[in-house]
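Please walk through this protein chain with the sequence and the model side by side. The paragraphs below take its aromatic residues, one of its strands and one of its pockets in turn.

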Amino acid sequence: MTKYLYLVFLISACSTNPSGKQVLKKSIEFHDPNSNWNSLQERFSLQSDFIYPETALYNLLIGLDNPNKQVSYSNETLAQRVDFTDTTCVVILGTKSCEQTTWTKNFYHFILGLPMTLQNDEGIIQESVEPMTFHDEASYRVAVDFEKEKWHFYFSKADYHLVGFAFNKNFESKAEEIRTNGLIEIAGMKLPKTRSWWITTDSIRPIYSGRDEIMGSSSWEKLTN
């Protein structure tokens with residue numbers, strides 16, 4: 001009888017953990033309660049301050065026109081601007097080519113839109129969720145596998161806001177860990193305001209890489225040259 005009760009308790013305890021998709025759904029409800037992400041037309045002002053692998057302090061303007069699948073990347077410090085649509089790229093200012101800056105479109109759209117951008121079909125959200133502590137925050141860890149990268153996302157147990165994430169390219173031991181801090185309200189959404197980036201490996205202590213911060217935003221409806 002005792003063994004039977006223990007088994008029932010164990011099954012019950014395991015079943016109380018939400019699935020990966022359930023955690024993601026609750027997090028999106030926290031960050032984007034009115035489902036505004038897909039209709040977002042906004043220009044983000046960011047400050048990017050990194051010290052590893054090299055020192056770089058940039059003022060950036062990132063325009064996102066989600067209904068029309070347009071992204072504008074402007075580095076005011078380096079006098080660069082590149083405009084993207086879903087299928088095209090045009091260099092407006094600066095000497096870098098589209099090939100050199102292609103990553104910026106997907107990177108900033110994905111990072112600024114977390115966790116809403118996890119709703120696409122590019123990543124496989126693992127159903128198994130691991131309760132754990134992420135830098136003193138009781139969290140759920142959700143694994144998402146992409147074609148060449150493995151990501152872990154950490155969501156607060158208290159209210160499901162995104163507290164951090166980590167990823168490694170080509171499934172190598174070297175990884176990057178990002179810790180979020182604070183929230184900023186933009187277009188009815190509560191987005192992570194600051195992200196601090198760390199390089200982690202199995203053999204050395206984490207290396208602080210830098211941080212980026214959303215300084216504010218303004219309405220932005222379409223690309224203009």
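**Aromatic cluster, enclosed strand and pocket**

In this predicted model, ring pairs link F50, Y73, W103, F107, Y108, F110, F146, W151, F153, F165, F167 and W197 into a cluster. A search of the whole structure finds 17 aromatic pairs. One of the pairs joins W103 and Y108, whose ring centres lie 6.2 Å apart with 35° between the planes, an arrangement classed as tilted. The two residues of this pair can also be described by their accessibility: W103, at 48% relative accessibility, counts as partly exposed because the cut-off for exposed is over 50%, while Y108, at 11%, counts as buried because it falls under the 20% limit. The rings of W151 and F153 have their centres 5.6 Å apart and their planes at 10°, and the pair is therefore stacked, since planes under 30 degrees apart count as such. W151 has a relative accessibility of 6% and so counts as buried, and F153, at 0%, is likewise counted as buried.

Y73, a member of the aromatic cluster, leads on to strand β3, where it is one of the buried residues. Why can β3 be described as largely enclosed by the rest of the structure? Six of the six residues of this strand, which covers residues 70-75, are buried, and the strand is therefore largely enclosed. The burial applies to both faces, with Q70, S72 and S74 covered on one side and V71, Y73 and N75 covered on the other.

The pairing of β3 with its partner strands adds to this picture. Strand β2, residues 56-65, runs antiparallel to β3 and is joined to it by six bridges, and within this pairing I62 has Y73 as its bridge partner. The two strands form a hairpin with four residues between them, and K69 in the turn has a positive phi of about 55°. Strand β4, residues 80-84, also runs antiparallel to β3, with five bridges joining the two strands, and here V71 stands opposite F84. The hairpin of β3 and β4 has four residues between the strands, and in it A79 takes a positive phi near 55°.

A further region to inspect is the second largest pocket, which has a volume of about 190 Å³. Its lining consists of F134, H135, E137, H161, L162, V163, R179, T180, N181, G182 and L183, and the elements that give two or more residues to it are β9 (162-169) and β10 (175-186). β10 gives the most to this lining, with five residues. By residue class, the lining divides into four nonpolar, five polar and two charged residues.

R179, which belongs to the lining of this pocket, also takes part in a contact with an aromatic ring, as its charged end sits over the ring of W198 at 4.1 Å from the centre. A charge also sits over a ring where K190 lies over the face of F30, at 4.7 Å from the ring centre.

These details can be placed within the chain as a whole, which has three helices and twelve strands. The C-alpha atoms fill a box of roughly 75 × 45 × 30 Å, taken along the principal axes, and buried residues make up 44% of the 225 residues in the chain.

Terms used. Residues are numbered from 1 along each chain as its sequence is written. This is a predicted model: local features need pLDDT of at least 70, side-chain atom pairs count only at pLDDT 80 or more; totals for chains, interfaces and linings use all residues. Side-chain values use heavy atoms; hydrogens and water are left out. Buried means under 20% relative accessible area, exposed over 50%, partly exposed in between (1.4 Å probe, protein chains only). Two strands pair if DSSP finds at least two bridges between them. On a 1 Å grid over the protein atoms alone, a cavity is a set of points where a 1.4 Å probe fits but cannot get out, and a pocket is an open set with protein on both sides within 12 Å along at least five of seven lines; lining residues have an atom within 4 Å of a point. Grid points are joined across faces, edges and corners, and a volume is the space filled by probe spheres set on the points. Ala, Val, Leu, Ile, Met, Phe, Trp, Tyr, Cys and Pro count as nonpolar, Asp, Glu, Lys and Arg as charged, and the others, Gly among them, as polar. Rings of Phe, Tyr and Trp (its six-membered ring) pair if their centres lie within 6.5 Å; planes under 30 degrees apart count as stacked, over 60 as edge-to-face and the rest as tilted. A charge sits over a ring if NZ of Lys or CZ of Arg is within 6 Å of the ring centre and within 35 degrees of the ring normal.
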